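Here are a few exercises to work through with the model open beside you. Try each task before reading its solution.

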Amino acid sequence: METIPAKSIVNRTKDPSWFGTEYNMNIYRGCCYGCIYCDSRSDCYHNENFDRVKAKADALRIIRDDLESKVKLGVVGTGSMSDPYTPFEKELQLTRRALTLLEAYGFGVAIATKSDLIVRDTDVLVSINRTMPAICKITLTTCNEALAAKVEPRAPSPSRRLAAVEQLSAAGLFTGILMMPILPFLEDSPENVREIVDRAADAGAHFIYPALGMTCRAGQREYFYRKLEEHFPGRNLAEKYRRRYGPRYECPSPRAKALWEVFREACNRRGLLYSMGQIVTASRRGHETDQLSLF
């Protein structure tokens, strides 16, 4: 695997309200799951050849030094720019070893992934969770296997992700769904939203956090439109996006208001948390210390 240099890896976050993460950690750069909507393809990130995964050189030493330098413990988020459980992780185990460092130095973790490989690290996550929050966030935008194969072509299937939710929850870990993005004109139906909520609840999820739409900017937008035309010929989806959103960054579903009511009712019916404040509070229950800042 190609490596790239890095000076630091565990850095302060700009928005600690996001799942209560005070720090952010990305060990890999790029992703090979091929999700057609990924914001990390945007030109502003200067990540050419995004589909080729690269690891940060000497990552574990840098992470250790970063953690040693912190004067305050907190929750470290990972998965914001590239999935921490790429297929290469199965052999390299950089994410697993980084988790053991977080445990050793007393930090919590909030993982976002599309991969059921996270289940491999249940033992380390359970150990972290004894003293600090360990939050597992599995991205799921549709339960339809055929549709997922088009919009997330090389990612593990929805059924595999839901099985991971079930196993992580059964191990006592605070686990839930990132229901984002819900793609306008493709996934923004009440039936899709209800199915995600119901299947997540059946799998033992504690929460679902939604985005009823997507983001779109230079670099990402052009790639997304090409893939829409490739995977959904004859539906004129790219033209629908151009007409409705133009060059806008935020692209909410035209049905967002009605979908929110469908989503909220379904979550309340199944007992799932869905507001960020409630999710952060629940994730920290039993972990309140002077070293954890309140949401």
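## Exercise 1: The three-stranded sheet

Strand β1 and strand β5 (residues 54–56) are paired in the parallel sense through two bridges. Helices (H or I, at least four residues) and strands (E, at least two) are DSSP runs, numbered from the N terminus, and two strands pair if DSSP finds at least two bridges between them. This is a predicted model, in which local features need pLDDT of at least 70, side-chain atom pairs count only at pLDDT 80 or more, and totals for chains, interfaces and linings use all residues. Residues are numbered from 1 along each chain as its sequence is written, and side-chain values use heavy atoms, with hydrogens and water left out.

**Task.** Find the bridge partner of Thr 3 in β5, then work out which strands stand at the edges of the sheet.

**Solution.**
- Step 1. Thr 3 has Ala 55 as its bridge partner in β5.
- Step 2. The sheet is open, with three strands in the order β1-β5-β4 and mixed pairing.
- Step 3. β1 (3–4) and β4 (28–29) each have a single partner strand and stand at the edges, so one side of each is left without a neighbour in the sheet.
- Step 4. Follow the chain from β4 towards β5: the loop between them holds Asn 49. Asn 49 is not a glycine, yet its phi is positive, about 55 degrees.

## Exercise 2: Around strands β3 and β6

**Task.** Trace the pairing from strand β2 (residues 10–12) to β3, from β3 to β6, and from β6 to β7. As a reminder, strands of a sheet pair through backbone hydrogen bonds, either parallel or antiparallel.

**Solution.**
- Step 1. Three bridges pair β2 with β3 in the antiparallel sense; the partner of Asn 11 in β3 is Asn 24.
- Step 2. Strand β3 (residues 21–25) runs parallel to β6, and four bridges join them. Tyr 23 has Val 76 as its bridge partner in β6, and Met 25 stands opposite Thr 78.
- Step 3. β6 and strand β7 (residues 108–113) are also parallel, joined by four bridges. Here Thr 78 is opposite Ile 111 of β7.
- Step 4. Now look at burial, where buried means under 20% relative accessible area, exposed over 50%, and partly exposed in between (1.4 Å probe, protein chains only). Four of the five residues of β3 are buried, so this strand is largely enclosed by the rest of the structure.
- Step 5. In β6 (residues 75–78), Val 75 and Gly 77 point one way while Val 76 and Thr 78 point the other way, and all are buried.

## Exercise 3: Helix α8 and its neighbour

**Task.** Check the span of helix α8 (residues 220–231), then describe how α8 meets α9.

**Solution.**
- Step 1. The expected span of a helix is 1.5 Å times one less than its number of residues. The 12 residues of α8 should therefore span 16 Å, and the end C-alpha atoms are 16 Å apart, which agrees.
- Step 2. The buried residues of α8 are Gln 220, Arg 221, Tyr 223, Phe 224, Tyr 225, Lys 227 and Leu 228. They pack against β11 (213–215) and α9 (237–245), with contact meaning heavy atoms within 4.5 Å.
- Step 3. The axes of α8 and α9 come within 8 Å and cross at roughly 140 degrees. Axes are lines fitted to C-alpha atoms, for helices over the stretch in contact, and angles run from 0 to 180 degrees between N-to-C directions.
- Step 4. Angles under 35 degrees count as roughly parallel, over 145 as roughly antiparallel, 65 to 115 as roughly perpendicular and the rest as oblique. The two helices, α8 and α9, are therefore oblique to each other.
- Step 5. On the α8 side, Phe 224, Tyr 225, Leu 228 and Glu 229 meet Leu 237, Ala 238, Tyr 241 and Arg 242 of α9.
- Step 6. Asn 236 lies in the loop between α8 and α9. Its phi is near 55 degrees, a positive value in a residue other than glycine. At 54% relative accessibility, Asn 236 counts as exposed.

## Exercise 4: A buried residue

**Task.** Is Ile 128 buried or exposed, and which residues does Ile 128 touch?

**Solution.**
- Step 1. Ile 128 is in helix α4 (residues 122–129).
- Step 2. With 2% relative accessibility, Ile 128 counts as buried.
- Step 3. Leaving out residues up to four places away in sequence, Ile 128 touches Leu 99, Leu 102, Glu 103, Phe 107, Gly 108, Val 109, Pro 133 and Ala 134.
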